[in-house]
Every structure is written in C-alpha cells, then in structure tokens.
Amino acid sequence: MFEQRPAEFENWRDLPASHQPQYPFAEQLTQVTRDLRSYPPLVFAGEVDQLQHLIAQAAQGKAFILQGGDCAETFAESNAERIRAKIRTILQMAVVLTYSASVPVVKLGRIAGQYAKPRSQQYEERDGVRLHSYFGDAVNGFDFTRESRTPNPQRLIDAYHRSATTLNLIRAFTAGGFADLTKVHEWNKGFSSNPAYKRYNQLAHEIDKAMRFMNAAGADSESLRTADFFSSHEALLLEYEDAMTRIDSRNGKLYNTGAHFLWIGERTRDVNGAHVHMLSQIENPIGVKLGPSVSTAEIQALLEKLNPSGKFGRLTFITRMGAKQIVEKLPPLIQAVKADGRPVTWICDPMHGNTISASNGYKTRKMSDVLAEIKGFFEVHREYGTHASGVHIELTGADVTEVLGGVEEVVEDTLGKRYETLVDPRLNHQQSLEIAFLMSEILTDKSENS
Ligand code: TRP
Ligand code: MN
C-alpha cells in the first residue's frame with residue numbers, strides 16, 4: 001500500500017535517538033504509527049517547495065522570515081478563539097514589517113504540530129511522588145497524576161487531528177478574507193489604548209490610505225486579500241515524524257508532510273544522531289537551533305550533512321545565544337559558514353537564551369533582553385556583510401503576563417496575574433507588536449543605508 005522509502009531514510013532507527021518518550025507498551029506505538037501512516041498528509045509538497053523558495057529569498061536579503069507561536073501548543077487551547085488571536089498577532093506583526101520595511105514577510109507559525117518538548121529532567125517529584133515530566137500534549141498530560149503523566153502513544157493520533165483542524169482554520173482565515181489588507185484596522189479592535197496599539201492604528205490608517213489609492217487607480221490584486229502562511233514545529237518525536245514522511249508522487253522524493261518547515265532542537269542536533277539523519281533525508285526546508293556551546297566543527301559537519309549540495313533556503317541556523325553572548329558567539333559561526341561556502345539562512349531566536357527565574361519563582365524573560373539580542377544579531381550580520389533573515393519568537397495572541405517589561409509593563413509582582421504557559425514564557429499580543437515595530441526600525445535603517 002505504501003511506496004517503499006529508501007533504506008537510507010530508514011537508517012535513523014539504527015542511530016542514537018535522544019529525548020524519545022518511554023512508552024510502557026511498545027505494541028500500542030506500533031498500532032498508532034501504522035494508523036498514522038494511512039492518514040492524509042497535512043501539507044502538500046508543492047507548498048513545501050514554495051516555502052523553500054521564499055526562505056531562499058530571505059537568505060539573500062529579499063524577504064524576512066517571521067516565525068512565531070507558542071513554546072508548546074496544547075490540545076485545550078487549540079480552539080477557534082486562541083488560534084484566531086495567534087494568527088492575528090502574527091499577521092499584525094507581518095503587516096508592520098511589510099509596510100515599514102517594504103520587504104515581503106514569510107509568515108511561519110510555530111503552530112499546527114508544536115506539541116512535544118524535550119525536558120532536561122525526565123522525572124518530576126512532588127511531595128515524594130515521582131512521575132514523568134510533562135513532555136507536551138503529544139506525549140503525556142500536564143496533570144500531576146500517574147495516569148496523565150504516563151506517556152501514551154494514542155496522543156500522537158490526537159496531535160495529528162489537532163494539527164489538521166488547526167491548519168484547516170489557518171487556511172480558512174488566510175484565504176477566506178480574514179487576512180485581507182483592507183481589514184488591518186479590524187485586527188486591532190477591542191484592545192486598550194497603549195502606545196504599541198496607537199502606533200499600530202496609525203500604520204493601519206496609512207495602509208488604508210494606500211489601499212484606497214490603489215483601488216481608485218484600478219489596481220486590484222488577489223495578493224492583497226490573502227496571505228501565505230506556513231506551519232512549523234520541532235521535529236522531536238521520531239516515530240511521529242517517520243509516519244508523516246512520504247514519497248511525493250510528483251517527483252518521487254521524500255517529504256515530511258506533517259509541516260512545511262521542521263527544526264531540530266539544541267538538545268537533539270548531534271550530527272551522528274537520529275534527528276539529524278532523518279531530516280537530512282527529506283526535501284523540506286529545515287532549521288537547526290544553535291546555542292552558545294556549538295563549535296565551528298559542528299557547524300561544518302551540520303552543513304555537510306544537511307545541505308551537501310549548497311541549496312539556498314534548504315538549511316536555516318536559528319541562533320539562541322542570549323543577549324549577553326550574541327555579539328561574541330555569533331561571529332565565529334558566521335566565519336565558519338563563510339569558510340565552508342555553502343549558504344545558510346540566519347534567524348535569531350531571542351527567547352531561549354534569555355530565560356530566567358523571577359525572585360518569586362516564575363520562569364520568565366525580559367523584553368529588554370529579547371530586544372538586545374535582536375539588536376546584537378542584526379549588528380553582527382551588518383558587520384560581517386551577511387543577511388539577518390528573520391526572527392523566531394515565542395508568542396501568544398492573548399494578554400498573558402509571562403514576559404517582564406513592555407510599554408504596559410509586566411513586573412515581577414504582576415507575573416502571576418495571567419501566567420498560563422505550561423512550559424516557556426511567551427510574549428503577549430502587545431509585546432509582540434512592540435517587537436515588530438522595533439524590528440521594522442532596524443530593517444528600515446538597513447534598507448536606507450544600503
Ligand atoms: N499576500 C501578501 C503576503 O502574504 C500581502 C498580504 C495580504 C499580507 N494580507 C496580509 C501581508 C496580511 C501581511 C499580513 O505577504
Ligand atoms: Mn520554548
């Protein structure tokens with residue numbers, strides 16, 4: 001029934017695979033993956049190729065990548081209201097960047113499949129009870145009971161269905177009128193009058209004017225009414241990713257049909273490991289997260305393994321160094337890539353190197369650190385003559401209080417008000433817009449200087 005995949009792909013099973021769930025019953029997993037394999041693809045390979053082309057543009061400074069969404073999506077929040085708010089936030093950020101910097105923005109959600117997390121502690125202990133850590137809804141439940149915390153393969157099926165319904169809604173929103181550029185004002189309705197929103201409303205007003213002008217002048221383009229939107233998640237659970245990897249009937253090549261873009265985490269990027277091998281075999285554009293400990297030898301090995309033929313758009317390095325280290329750690333990596341000669345796309349993740357504990361115990365981040373890392377990232381690339389091609393951000397569309405700072409300031413005492421994340425702290429809607437305005441200033445400078 002299924003076309004045979006090359007033996008080279010299947011070899012991932014012989015390699016060390018870190019951060020995989022320990023399921024109590026192996027037969028259940030076999031049944032689940034057999035089912036998954038028969039389910040329809042979530043994305044079409046042609047879209048995947050189109051995204052690779054757009055990322056290639058970004059790699060050459062002709063577009064900008066905005067990758068954003070939850071640290072971990074949850075089944076409970078995969079409802080219309082939350083998805084709409086997230087899409088709206090990303091679209092608003094994209095509009096700010098597109099308009100201010102006059103550069104096409106590649107909209108890539110950390111969405112429709114971001115259901116699994118690697119954890120440094122395999123177990124969590126509370127009052128003498130030791131259970132599995134929470135590894136994301138695709139693996140186990142957050143509730144601290146034995147039943148919920150035991151990894152359950154059936155959750156992979158649920159993750160597939162949640163991904164499918166989420167993606168369906170995204171497609172409906174972005175093609176069905178919600179992303180229409182004549183509606184930019186509406187996306188901001190109902191928000192308070194803080195400075196980020198005021199600024200957004202001004203910009204929306206200018207866009208309205210431009211749209212009316214174009215209308216009057218007879219320019220009427222479909223591309224103003226719909227937006228391209230792509231999905232991505234961390235390729236962590238190898239059995240799931242394996243089941244979604246299929247041969248494309250157009251060209252006989254392997255595609256992961258569970259998302260347009262996949263990335264490998266900082267903890268699973270061992271060049272001799274199963275994750276890197278699996279993604280080396282597929283056609284999708286892929287990313288690798290790089291933290292401060294990465295060596296230039298590892299950079300070289302990753303390039304060789306993941307982009308041997310040196311295709312633009314194929315390999316993205318997502319750096320997450322932290323505000324304090326970015327300026328020191330990024331240059332040697334850029335030089336290693338230059339020395340190799342094969343292209344990569346550089347994206348800044350200003351979130352994961354900046355996680356701290358507040359004095360009251362909350363895991364948080366500071367807006368000022370997020371901004372500082374983005375600035376440092378752009379500065380280093382400017383200095384080395386390479387392109388800063390995008391950002392990777394953890395955000396949500398709701399008004400949560402998880403990240404410190406912002407114009408409507410979240411301080412340590414207010415963190416508890418709406419701290420909803422189950423894993424990492426996310427920028428709220430207004431903080432996300434602030435970041436977009438800051439980046440649009442940096443991007444505008446850049447285009448005016450060049
Ligand atoms: N189609 C273009 C794009 O996707 C322009 C566009 C339409 C757009 N709606 C948008 C851009 C909403 C940003 C946000 O980029
Ligand atoms: Mn995270």
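## Two helices, two ligands and some loop residues

Helix 3 tucks away A45, G46, E47, V48, L51, Q52, I55, A56, A58 and A59, which are its buried residues. Buried here means under 20% relative accessible area, while exposed means over 50% and partly exposed is in between (1.4 Å probe, protein chains only). Helices are DSSP runs of H or I with at least four residues, strands are runs of E with at least two, and both are numbered from the N terminus.

Some housekeeping before going on. This is a predicted model, where local features need pLDDT of at least 70, side-chain atom pairs count only at pLDDT 80 or more, and totals for chains, interfaces and linings use all residues. Residues are numbered from 1 along each chain as its sequence is written, chains are lettered from A and ligands numbered from 1 in the order in which they are written, and side-chain values use heavy atoms, with hydrogens and water left out.

Back to helix 3, which covers residues 45–59: its 15 residues reach 21 Å from first C-alpha to last, close to the 21 Å expected at 1.5 Å a residue. That expected span is 1.5 Å times one less than the number of residues. After the helix comes G61, with a positive phi near 80°.

Helix 12 (residues 367–384) can be described in a similar way. It has 18 residues and spans 26 Å between its first and last C-alpha, close to the 26 Å expected at 1.5 Å a residue. Its buried residues are M367, D369, V370, E373, I374, G376, F377, F378, V380 and H381. As a rule of thumb for reading such lists, an α-helix has 3.6 residues a turn, so residues three or four places apart point the same way. Helix 12 is followed by G385, again with a positive phi, this one near 70°.

Which side chain makes a polar contact of 3.0 Å with that of N354? The partner is E373, one of the buried residues of helix 12. A polar contact is a pair of N or O atoms within 3.5 Å; within protein, one must be able to donate a hydrogen and the other to accept it, and residues adjacent in sequence count only if both atoms are side-chain atoms. N354 sits in the loop between strand 11 (345–348) and strand 12 (356–357), and it is buried at a relative accessible area of 5%. A polar atom of its side chain also lies 2.8 Å from the backbone oxygen of P350. Leaving aside neighbours within four places in sequence, N354 is in contact (heavy atoms within 4.5 Å) with residues including G322, T364, D369 and V370.

Now the metal. The manganese ion (ligand 2) is held by C71 (SG), H352 (NE2), E394 (OE) and D424 (OD), at 2.1 to 2.4 Å. E394 lies in strand 14 (residues 388–394) and D424 in the loop between strand 14 and helix 13 (429–449), so the pair ties together parts that are 30 residues apart in sequence. Both E394 and D424 are buried. Along the chain, the donors follow the spacing C-x280-H-x41-E-x29-D. Donors are N, O and S atoms within 2.8 Å of the metal (3.2 Å for Na, K and Ca); water is not among the atoms, so sites may look incomplete.

G405 shares that loop between strand 14 and helix 13 and is buried at 14% relative accessible area. G405 touches M367, V410 and Q431, not counting residues up to four places away in sequence.

Ligand 1 has its own shell, with residues counted if a heavy atom lies within 4 Å. Among them are L91, W187, S223 and D228. Helix 4 (residues 80–101) gives the most to this shell, with three residues. The polar pairs are these:

| Protein atom | Ligand 1 atom | Distance |
|---|---|---|
| K107, polar side-chain atom | oxygen | 2.9 Å |
| A179, polar backbone atom | nitrogen | 2.7 Å |
| T226, polar backbone atom | nitrogen | 2.8 Å |

The protein covers 87% of the 350 Å² of accessible area that ligand 1 has on its own. Those areas come from the Shrake-Rupley method with a 1.4 Å probe; for residues, only the protein chains shown count as cover.

Finally, a few loop residues. A112, between strand 2 (105–110) and strand 3 (123–126), has a phi near 60°, positive in a residue other than glycine. D127, between strand 3 and strand 4, also has a positive phi, near 45°. Are these two buried or exposed? A112 is buried at 1% relative accessible area, whereas D127 is exposed at 83%. N140, in the loop between strand 4 (129–132) and helix 5 (146–149), counts as buried at 0% relative accessibility. Its side chain reaches the backbone oxygen of S133 at 2.8 Å.
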